[in-house]
Structure formats: C-alpha cells, structure tokens
Amino acid sequence: MSKLPNRKREIKNLPHVWDINDLLECIHSHDKVAYKYFEGGVVKEMTYTEFYQMALQIAAGFDKLGLSGRRVAVIGDTSPQWLATYVGALASGTIIIPMDKELAVSEIEKFLEMVEAEAIVYSKSFNEKFLNTIKSHSTLKKFIPISSDYDSSFSENILPFKDLLELGQAELDDGYTVKMVKNRDEMCEMLFTSGTTGTSKCVMLSQKNIFAAVSSAVDSVCFVPEDVLVSVLPVHHTYELMCLLAGMIYGITVCINDSLRHVMKNFALFKPTGLVLVPMFLNTMYKRIWSEAERTGRAGALKAGLVLSRNLMKVGIDMRRAIFKSVLDAFGGELDHVICGGAKLNPDLIVAFEEFGISVFEGFGITECSPLVSVTPYYARKLGAIGPSVPSCRVRIDPNGEVTEDGYEIGEILVKGDNVMIGYYNNPEANAEVFTNDGWFRTGDVGYKDSDGYLYITGRIKFVIVLENGKNVFPEEIEEYLDAIDTISECCVVGRKNEGSDEVVLTAVVYPDFTKFPKDVDDEAVKDTIRKAINATNKKLPTYKQIKAVEIRKTEFEKTTTKKIKRQLVK
C-alpha cells in the first residue's frame, strides 16, 4: 500500500470545552449509556445522567468534608466511580492526584506524603493493602473505599464511597451547586512521572492544560458519538484519561475491560468500533492474527485474500471488511479505527492493519503536555509521521547539527502552548532544565518537521547510543524492525562496551516467543534461530545500525503500566 487512504474531513458540531463546568454541561446533555463495566462478574451499565449525578454528589461531598482546595488521590481499576471521582474533584476545586495502581504500597505512601495528600479514593484491590496505611500515614486523614463491603468500623478515618455519595446528595438537596471556575491557570491535578520516589517528578496541571489537550483530541481524531470504545489502558495515565474525557464530550459509550487476560473475549462481547492503544498492544494483536491463521491452516487463504484485496483496491473496489471478516470478528467484528500512542510505532503496522480495513492513527504526547502534542490527521495522512501539532500548541525543533536525507533539521522537539504543564512540584532545578529561556518545553524526544509541518520521531535523547565513530543510534528505530520477527516476543537494543576498547557493540536483548519453538528445544537453538532472523533484518539497515550481538533472556522485560519496557533496568 503505497499511500494511505484518507477520510473525509467532518465538521464537528461539538462545543469547545474550556473547563470542568463545560464538561459537566456536555455530560448532562447526553441521553444514553456512558459505561458498560463488570461488577461481580456481571456486565452493568451506567447512563450519562447517572454518571453526572454521581460526579455532582462527589463534588458536594468533597466540599462538605473541607477538601476543596486540598489534595485527594484516586487509585485502582478503571471504573465509573474512579472517573466520577476525577470529574467530581475538578468540579469541587479539589486537587486530584491519579495514582498508578501497580506501584508498591510503600511507594504510594511516600508519593502521597510528598504532596501532602489528605484523602484517597480506592478500589477493592487496595482494601487489604491499605490496612497499615490507614493506621500510620502522616498526611492522609480520610480513606474512601469504593467497595461497598468494606468494614468502616476499623477506623474513624474510613468513609465508604456510598457514604460520600449520600453526604453529597444531602448537600445537593440543600441547594449545593458547582462553583464556576474562576482561574483556569491554577493547579488542579498532580501526576507522577514513572520512576521511583528518588527519580520521579510530580507534574502540576491546570484546567487550562487538561481541557486544551482534551479539546484538541476532540478536534483532531475521527471518533463520532456513535462509537463504542473498549478501555484497555490504565486510567491514571494521561493518555487514556484524556481520551476518556474526550469521549464524554462526544457522548461515546465506553466499555471497561476487566483484565488483559480477557481482552479478546471482551472485544467479542462489546464489539468496539474504536480503540485507544499503545504499540505493544497493536504489535501483539497483529502477531496473534497470523498465529491464529497458521494454527487453523488459514494462513495461505489470508495471504491470497491480501493479494485479491490489493488488486481490487487499485480499481477502486473496497472489499476488505468482507474478505477479512474472520480477522475483524476476532475484535468483535466492528473495529474501524485505532488511536495509537505512548511509544514509537512501526509504520509497517499501520499499513498492515489498513489492509485488513482497520485504520490506525498515530499520536505523540508526554505527561507534561497533558499529554497531547500531535496526531495524524485522519483526512491527510502521511506514513511514518505523527501529524502536525494539535490546535492547543506549537512545535519547533532545537537542531543538533544532523539533517535528514531531504535536508530537514533533526533535533529535540520543543513544545509551547496551553497544554504545557505549570511545572514540576517543588522542583526548581528540574523546571530550569526542562524549559528554555523563552518558555518552550523540552520533550526529550528527537525528531524533525517536514515542509508541511508534520512531525517525525526518531528516538529519546536519554536512550541514544553513541558509537565510537560519533554516530548516534536511537534503539527505537532498530526495534521497529526486530519487533516484526515472529520468533521475538519482546526486545530491547542496547550498546555494550567491548572490554579493552572503546567499541560500542549494538546488542539485541531478546525475550523469544517460546510458543514458536518445540517444547524441548535447547537455548542455543533458540538463539541461533533468532540470530539468523536478525541477520536477515540487518540487510534493511545501514551498516552502523546493524545488530552485532544477540542476548537471550528467559523472562519478560519489566514494563511500565502502559507496556513500555523499562530500559534503565535492562542490564
């Protein structure tokens, strides 16, 4: 597919959302199901009207508890209650702190002490984990478990979620109304970047930041109110949360996945028309398509279908959804479009899914930009590009002296706009490092812009491998090629120093897909097979970017909650 097909640009009759008051109006205007979710193994539904009422109850309850202007954390599985807590906090003037549910309790405690959080709302999985926290935490004074079967007699500091709602409803009955936002520049959210308490930074966002990014997402993607989404990514992450907030503006129905083990079963159940994913999910989905085809003996028919479809497309006949019905059925049968972000995406995957009739639109962002910076326009696509900057910001390149073959300057990507954070909390040194003298935010990502203003990412500055000849190699570029090898499940490219010399050896650390090998295969046979596949892939790369050594590991890489490999831990 030499050129990606474009879609017609639609005029969107949706209100621009400037702050939480505008968002509440949007939520209140929708008369349909907002969320489908699992509770006790049963799928339940919550309408937009019910969600709106819950958010108001939480806002009024927080206000009654004296938490307006104070700091409240929320942690746990994605749920309407989690999202209503977030919306309700913004509506009451409470500063909300979304927390990563995968963190150790000791890390959670340290983070919340660091920002002087006074209350926390949490899902059932934390009921037991927080028993000691309730007794001893120095700043948390109110613990609000979402689960209704929690024993509140354990401590006077426990206020069950249902009691918070009842407290809020009493305030509403007594005339409580949500206050209008007076200052959109004030901090309303605190987010921790990935890392330990020693390396993580706390990002401060305002309502201007949040809704600049959310409104840009609404303006820039091809979603429609009739869409059905399945929420797969962790809700505390700005990428997923921004998309869910944008969905509230559209009035989209969101179905909440209960477990990654059940994700394909839930696709079949909920029949999504759109998804929000990270590259690792997309890569896994693509490999699963072909693995299933090989397992069932349909790989030959699938290849023949691709040839037929390509020839039909050349003469203007689109039969993809009929020819690849079995592929589409694995994702519920209705999947039409995917937004992919959070890490660099191999453009070949975009082409591959497009051939099956699923359009993938790549975006780029960073927590400090709330997080959206750019996204591929659905009406003007360029393969390999992540689009121009979205309406809320501008992008420029800080040249590093390198240029592309087409003469475009390469350098660090800088961002300026309403979506850029207030700064890091209590960290003037980090703020001085990350902002230029004229106020541009340094993303730490390297790339270039073409003559149309489209942005291309090459890698992260902190992960760059400098060879002995001075050339810079970004491991992400090479990993794009290695990820396509079916015997590789995960890989990470690193630079190993040769003992006794300055030579840097590009090394692929590989976690194989052991399902592709016989059960009794020995380690050397696995390594030899993968080495041969990598040697074949090397022919597609410039000499200085070719992999010279291969290391095999027996366990998966440690990852962030958005499924990015923690490179700093790869030894």
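This passage describes two open sheets and a nonpolar surface patch in a predicted model.

The four-stranded sheet is open and antiparallel, with strand order S15-S16-S18-S19. Its edges are strand S15 (393-403) and strand S19 (455-460). Each of these has a single partner strand, so one side of each lacks a neighbour in the sheet. From one strand to the next, the twist averages 45°. Strand S18 (residues 441-449) runs antiparallel to S19, and five bridges join the two. Within S19, Leu455 stands opposite Lys449.

The three-stranded sheet is also open, but its pairing is mixed. The strand order is S22-S23-S24. Strand S22 (488-497) and strand S24 (549-552) are the edge strands, and each pairs on one side only. Here the twist averages 30° from one strand to the next. S22 and strand S23 (residues 504-512) are antiparallel and are joined by nine bridges. Val494 has Thr507 in S23 as its bridge partner.

Two helices are associated with this sheet. Helix H16 (residues 475-482) packs on the sheet and touches S22 and S23. The direction of H16 makes about 145° with that of S22. Helix H17 (residues 523-538) lies across S22, S23 and S24. H17 runs at about 140° to S24.

A separate feature concerns the surface. Val315, Ile317 and Met319 make a nonpolar patch of about 270 Å². Met319 is in the loop between helix H11 (299-314) and helix H12 (320-323). The relative accessible area of Met319 is 38%, so this residue counts as partly exposed, the class between under 20% (buried) and over 50% (exposed).

Note on methods:
Residues are numbered from 1 along each chain as its sequence is written. This is a predicted model: local features need pLDDT of at least 70, side-chain atom pairs count only at pLDDT 80 or more; totals for chains, interfaces and linings use all residues. Side-chain values use heavy atoms; hydrogens and water are left out. Two strands pair if DSSP finds at least two bridges between them. Axes are lines fitted to C-alpha atoms, for helices over the stretch in contact, and angles run from 0 to 180 degrees between N-to-C directions. Patches are made of residues with over 30% relative accessible area and no salt bridge: like charges are joined within 9 Å, nonpolar side chains (Val, Leu, Ile, Met, Phe, Trp, Tyr) within 5 Å. Accessible areas come from the Shrake-Rupley method with a 1.4 Å probe; for residues, only the protein chains shown count as cover. A salt bridge is a side-chain nitrogen of Lys or Arg within 4 Å of a carboxyl oxygen of Asp or Glu. Buried means under 20% relative accessible area, exposed over 50%, partly exposed in between (1.4 Å probe, protein chains only). Contact means heavy atoms within 4.5 Å.
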